[in-house]
Amino acid sequence: MFFIPYNDIETNRYTSLPFMTLAIIIVNTLLLAHTFLMMLAEPYEFERFIYLYGSIPTLILSRQGGGALSGITHMFLHGGIFHLFSNMLGLWVFGRRVEDACGPWRYLVFYLVCGVFADIVSTMTRVGDPIPGIGASGALFGLMGAYLILYPRGRIRIFLLILLFRYRFTLRAYWVILYFLVFEFISGFQVLFADTDFQVLHWAHLGGFFASMFIFLFLRPDAFHRYRNDLPL
Amino acid sequence: MTSSNLLREAVTAVKAGQRKRARTLLLELVEQQPDNEAAWLWLSDLVDDMEDRIIALENALTINPHRPKVQARLAQLQRQQAEQLAAWEVGNGVVEKFEEAMTALEKGMGKTAVSLLREVVAEDPDHEEAWYTLSTLIGDPDQKIAALENVLRINPNHAKAQGALADLHLHHFDQFKLGRTHEKNGELKKARQAYELAVLQTSVAAERQAAQKRLKIIEQKLSQSTTHLKKTSATFSLLRLTAGPPLLYGLLLIIHSGINPLRIPLLFYLGGLGVLLGSGLVAAASTPHHPLWQSIFGKEGMNTAARAVVIATGFFFLAPPFIFLLLNALNRLQIYSTSL
């Protein structure tokens with residue numbers, strides 16, 4: 001079964017063009033293209049590239065490697081087209097309205113905060129793990145959390161594929177985000193208590209989600225005023 | 001001509017259908033013979049005016065009071081006359097009120113006009129024009145429909161009422177247009193309700209966006225009209241917006257220190273102060289109407305040029321700590337890369 005949110009049908013209040021969201025998507029896409037070309041030319045260089053700029057807990061905790069730099073660069077690297085596509089689709093669905101509520105530059109700082117916070121939480125749950133963590137999903141879950149705080153009743157278009165049957169419908173944001181959170185919490189607890197090893201870093205996702213509480217430091221003054229007075233954003 | 005001849009000629013004329021000639025002959029006869037009962041009786045059927053009929057019958061009864069049928073006929077006519085008179089009196093009052101309503105409408109006193117028109121239709125439920133005028137003045141769609149239905153009950157061929165009713169029935173289920181109607185009438189809460197329904201009802205994306213756009217405008221208008229909103233002070237906004245970049249800097253330092261803040265060199269803490277100062281200045285530019293800026297720049301607060309200068313100064317303090325941290329990280333990376 002594939003449950004894919006693919007669009008947010010609400011309109012923005014302040015700006016119509018989400019240029020920072022688009023910029024992040026473009027940068028991620030270009031970097032993936034670069035890593036693919038690198039892989040074709042020099043497979044060893046690609047692996048070296050990931051180990052240099054990915055987030056490796058053993059290096060972080062021993063204060064080796066990129067440190068703060070890898071805290072940022074890891075969220076712009078992806079392992080493949082599907083990895084990139086799923087993250088960028090999520091960014092498109094949830095990021096636009098958060099950018100609208102914050103303004104493009106505060107939105108970028110918030111995005112980075114969520115990604116770095118996700119990295120810290122992931123590192124603390126993967127002590128001794130030498131495998132690099134990459135991807136924007138920590139930051140993405142931060143945006144999802146912010147969307148849930150600001151627009152819980154926002155309508156999200158969903159594409160559902162069950163075997164060969166396709167369905168398209170609209171759901172409230174809280175249902176969509178709850179769906180993803182449940183899986184993350186279940187998987188996260190399996191990692192902690194059942195020592196299950198997943199390829200996906202679920203605690204990075206959850207860390208990013210917890211970082212969404214910082215959204216109030218980045219909202220436009222008018223958006224904050226509206227939120228505070230229960231006025232629609 | 002003799003009176004008997006006049007009577008005979010008149011009766012012949014009546015039977016021949018020559019009512020006018022018969023009337024003329026009978027009038028000549030009653031001039032000659034005012035006490036000719038037969039002439040008065042024939043005349044009562046030939047005159048058109050009810051008053052004249054009554055007079056003719058009264059004259060006939062004066063001459064010969066013992067005519068029950070004539071008495072019954074006179075009583076019937078008198079009843080009809082009384083009814084007509086009563087109807088005329090009501091009509092006269094209704095006419096005056098309707099004229100007053102039209103005058104009020106011309107003077108722009110819509111509410112007075114509506115009130116008077118309601119009185120008119122209460123007294124005369126078949127007043128077509130009053131119902132139609134009322135339908136154009138009432139805002140509530142249900143009452144409008146009722147007024148127009150009354151117009152069509154009185155006059156089924158009233159083209160304007162038919163058109164207006166058809167539009168209303170369409171609008172009544174078209175929540176977006178209903179919302180526009182309410183908005184024009186200044187009924188913002190009803191407009192918001194209608195637009196919310198329009199957003200839910202329509203499956204066309206463009207229509208939904210249009211309804212959402214109007215909904216936002218209505219909500220802005222409603223929020224501006226409320227006075228119980230919690231105010232957010234400019235100082236609080238300034239402090240809130242200042243916290244973001246230092247938070248990012250702090251998290252990067254935590255990663256850089258191996259998630260051990262005790263291993264962060266003092267220089268980076270000093271850099272944190274620079275980040276705080278720079279962030280504060282950038283945040284200040286986002287709150288140009290803060291009382292501090294108003295005391296410096298006047299009531300308008302920080303102008304565009306001043307904001308640009310403040311932002312530039314802010315970045316002057318904000319950027320170097322980040323750059324220094326990232327250069328330090330690059331240095332570590334280079335050392336690590338040689339080992340790969």
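Trainee: How many salt bridges does the rule find across the interface of chain A and chain B?

Mentor: The rule, which asks for a side-chain nitrogen of Lys or Arg within 4 Å of a carboxyl oxygen of Asp or Glu, finds zero salt bridges across that interface. This is a predicted model, in which local features need pLDDT of at least 70 and side-chain atom pairs count only at pLDDT 80 or more, while totals for chains, interfaces and linings use all residues. Residues are numbered from 1 along each chain as its sequence is written, and side-chain values use heavy atoms, without hydrogens and water.

Trainee: What is the area buried between chain A and chain B?

Mentor: The size of an interface is often given as the accessible area lost when the parts come together. Here about 4,100 Å² is buried (1.4 Å probe, summed over both parts), and carbon and sulfur atoms give 65% of that area. In contact (heavy atoms within 4.5 Å) are 48 residues of chain A and 41 residues of chain B.

Trainee: Which helix of chain A gives the most to the side that touches chain B?

Mentor: Helix 6 of chain A does, with 10 residues; helices are DSSP runs of H or I of at least four residues, and strands are runs of E of at least two.

Trainee: In which sense do the three strands of the sheet in chain A pair?

Mentor: Strands of a sheet pair through backbone hydrogen bonds, either parallel or antiparallel. In chain A the pairing is antiparallel, in an open sheet of order 1-2-3, where pairing requires at least two DSSP bridges. Strand 1 and strand 2 (residues 155–162) of chain A pair over six bridges; A:Leu161 in strand 2 is the bridge partner of A:Phe2.

Note on methods
Chains are lettered from A and ligands numbered from 1 in the order in which they are written. Buried area is the accessible area (1.4 Å probe) that two parts lose on being put together, summed over both.
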